[in-house]
Amino acid sequence: MVIVGAGFGGLTCARALKRAAVDVLLVDANNYHLFTPLLYQVASSLLDPSQIAQPVRALIRPLPNCDFMLARATGADFERRVLVTDHGEVPYDYLVLAAGSESNYFGNASVQEYAIGLKALPEGLALRNWVLSQFESAQYVADEPARRQLLTFAVVGGGPTGVEYAGALQELIHLVLRKDYRNLDLGQSRVVLLEGAAAILGAFDPGLRAAAVRSLRGKGVEVWFDALVKTVDDDGVELEDGRRLAAGTVVWTAGVKASALGGAMELPAGRGGRVAVDGFMNPAGLANVFVIGDLAAYEQDGQPLPMLIPVAMQEAKHAASVIRALVEGAIPRDFRYSDPGIMATIGRNSAVAQLGAVKLSGFPGWVMWLAVHLINVVSLRAKLFVLADPADRAGAQPPALGAAAGVRGACSRGASTTSRDFRKLRVTTLATSSTAPTTSRPRRGAPWPTGGGSEKIRNRASG
Ligand SMILES: Cc1cc2nc3c(=O)[nH]c(=O)nc-3n(C[C@H](O)[C@H](O)[C@H](O)COP(=O)(O)OP(=O)(O)OC[C@H]3O[C@@H](n4cnc5c(N)ncnc54)[C@H](O)[C@@H]3O)c2cc1C
């Protein structure tokens, strides 16, 4: 069987098939698994990229029936049962599509051109470098309004990613950069969170939303509500209601849509390009094709499930159980998602956590977040230890941070409990299927890493 995507869904599916009588080929356009919950920490210089990206080959080492192919899937011929990739055709008996999602700019060309997304690793790295370059430049700008503009950072989107990034950026500026840029008056810097609706963190309880706003404002982040972006340009953002924010950096976290792969395969796409699936994770009429994670839209109680890691992982386990049942001639059952809760961190020592009836904010929220994280890591380690064959165990790698994430932000710098092990497998070769790897800002004129954000920054940097 072939799995497209070595993200949370794809990797979990491969793991769940470890003991099944199938040969698994994992296909991904990158040779690393990205732990997205901590991408904002790379973008705010708090973590090194190698702490959130792990080589897929190392992760699948304990899976004797699984191999990896670095390739970008571009289509499929469902009649002939072949996956089409930029490295040729791959035949399959069962196909699992777990290609995730991408930034959604809602057709706004100015946003797409000038704002920086925070979805892929190259974007996180490019954003980190861009932010630091703003401080370098600001030192030599005598004109005060121009300097203030360079030091103003607009973060569009009050979802968990925008909230977490805004909080982390504010702390980076005032706890770290303040010491490094002694000649700059960092009181002139601003981090402004722009939310189009009347509240941030829409999926959370109203009390927690209000607590998150208080926490952000307490750290000095400005929060603007009803701030619908009309255009973005070199000088900042213009809002639909006529307000304007002069900003040298505009970060876009306001929307995601399903990977374009579903459309390329002509699978029936609903809202946000997500592919409608039934209780076996099959799109209509394709019993040997499974779509899971962000790419899939499974409706439960009349609503599509959210684009979250626990959804992707539970759907992956379910697709694996259906495939096992088909291989063994058993009858598969329908899928039902069990919600473990949601959390978002707001800088150091503050978080909002909603786990069933339990709702916590501030420091207690952060303690809960830490506890959940530790439980996840410990239970996953135990699982891997029990499941791994003795031969695998000798060369075993630490558990994927990703798989340890039950809820939003369930891993943090604290994840460096495993950093000793990580050092052994530091990602020295982050490769994409068709582009040479790079993890640092290259010379002007040299090729940049792939990803919209870096392209945009290059365009802006070269004027
Ligand atoms: C910044 C950020 C922070 C987030 N934080 C959280 C959080 O704290 N908690 C939470 O629950 N969710 C969080 N999410 C959402 C979470 O990342 C997704 O819901 C989850 O990753 C979905 O899993 P997936 O397997 O569908 O896709 P992904 O994990 O995104 O994996 C998709 C994989 O497919 C590969 N791929 C894509 N297209 C192709 C192709 N054509 N050919 C080959 N390979 C391809 C990609 O390289 C990638 O490896 C966050 C998302 C972002 C962007």
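# Reading strands, helices and a ligand shell

Modeller: Strand 2 is mostly covered, with four of its five residues buried, and since this is a predicted model, that statement, like those that follow, describes computed coordinates.

Colleague: How is strand 2 paired, in the parallel or the antiparallel sense, and with strand 1 over how many bridges?

Modeller: In general, the strands of a sheet pair through backbone hydrogen bonds, and the pairing is either parallel or antiparallel. Here strand 1, residues 2–4, and strand 2 pair in the parallel sense, over three bridges. To fix the register by eye, start from Val2, which stands opposite Leu25 in strand 2.

Colleague: Which residue is 66 positions from Val2 in sequence, and what is the C-alpha to C-alpha distance?

Modeller: That residue is Phe68, which lies 9.7 Å from Val2, C-alpha to C-alpha, although the two are 66 residues apart in sequence. Phe68 belongs to strand 5, residues 66–70. Phe68 counts as buried because it has 20 C-beta neighbours inside 10 Å, and 20 is the number from which a residue is called buried.

Colleague: Turning to helices, why is helix 1 described as largely enclosed by the rest of the structure?

Modeller: The reading rests on a count of buried residues: eight of the nine residues of helix 1 are buried, so the helix is largely enclosed by the rest of the structure. The buried residues run through Phe8, Gly9, Gly10, Leu11, Thr12, Cys13, Ala14 and Arg15.

Colleague: Which elements give two or more residues to the shell around the ligand, and which residues come nearest?

Modeller: Of the 35 residues around the ligand, those that come nearest are Gly5, Gly7, Gly9, Gly100 and Gly293. The elements that give two or more residues to this shell are helix 1 (8–16), strand 2 (24–28), helix 2 (39–43) and helix 10 (309–328). In character, the residues of the shell divide into 19 nonpolar, eleven polar and five charged, where glycine is placed with the polar residues.

Colleague: How far does helix 7 reach, and where does it bend?

Modeller: One can set the end-to-end reach of a helix beside the expected value and then look separately for a bend. Helix 7, residues 160–180, has 21 residues and reaches 29 Å from its first C-alpha to its last, close to the 30 Å expected at 1.5 Å a residue. Helix 7 nevertheless bends by about 35° at Ile173.

Colleague: What reach does helix 8 have, and which of its residues are buried?

Modeller: Helix 8, residues 206–218, has 13 residues and reaches 18 Å from its first C-alpha to its last, close to the 18 Å expected at 1.5 Å a residue. Its buried residues are Leu208, Arg209, Ala211, Ala212, Val213, Ser215 and Leu216. Arg209 counts as buried because 20 C-beta neighbours lie inside 10 Å, and its C-alpha is 7.0 Å from that of Ala199, ten residues apart in sequence. Just after helix 8, Gly220 takes a positive phi of about 100°.

Colleague: Where else does a positive phi appear, for example in the turn between strand 6 and strand 7?

Modeller: Strand 6 and strand 7 form a hairpin with four residues between them, and in that turn Arg81 has a positive phi of about 55°. The two strands, residues 73–77 and 82–85, pair in the antiparallel sense over four bridges, and Asp77 stands opposite Val82 in strand 7.

Colleague: In the open sheet of strands 15, 16 and 17, what is the order, and which are the edge strands?

Modeller: This open sheet of three strands has the order 15-16-17, with antiparallel pairing. Its edge strands, each pairing on one side only, are strand 15 (229–233) and strand 17 (244–246), and the twist averages 15° from one strand to the next. Strand 16, residues 236–239, is joined to strand 17 by three bridges, with Gly236 opposite Ala246 in strand 17.

Colleague: What is the order in the open sheet that contains strand 26, and by what angle are neighbouring strands turned on average?

Modeller: The order is 25-26-27, in an open sheet of three strands with antiparallel pairing. Strand 25 (342–345) and strand 27 (358–360) are the edge strands, each pairing on one side only, and neighbouring strands are turned by 5° against each other on average, direction ignored. Four bridges join strand 25 to strand 26, residues 351–355, and Ala344 stands opposite Val352 in strand 26.

How values were computed. Residues are numbered from 1 along each chain as its sequence is written. This is a predicted model: local features need pLDDT of at least 70, side-chain atom pairs count only at pLDDT 80 or more; totals for chains, interfaces and linings use all residues. The expected span of a helix is 1.5 Å times one less than its number of residues. The bend at a residue is the angle between axes fitted to the seven residues ending there and the seven starting there. A residue is near a molecule or strand if its C-beta atom, placed from the backbone, lies within 6 Å of it. Two strands pair if DSSP finds at least two bridges between them. Axes are lines fitted to C-alpha atoms, for helices over the stretch in contact, and angles run from 0 to 180 degrees between N-to-C directions. A residue is buried if 20 or more other C-beta atoms lie within 10 Å of its own, exposed if 12 or fewer, and partly exposed in between; C-beta atoms are placed from the backbone.
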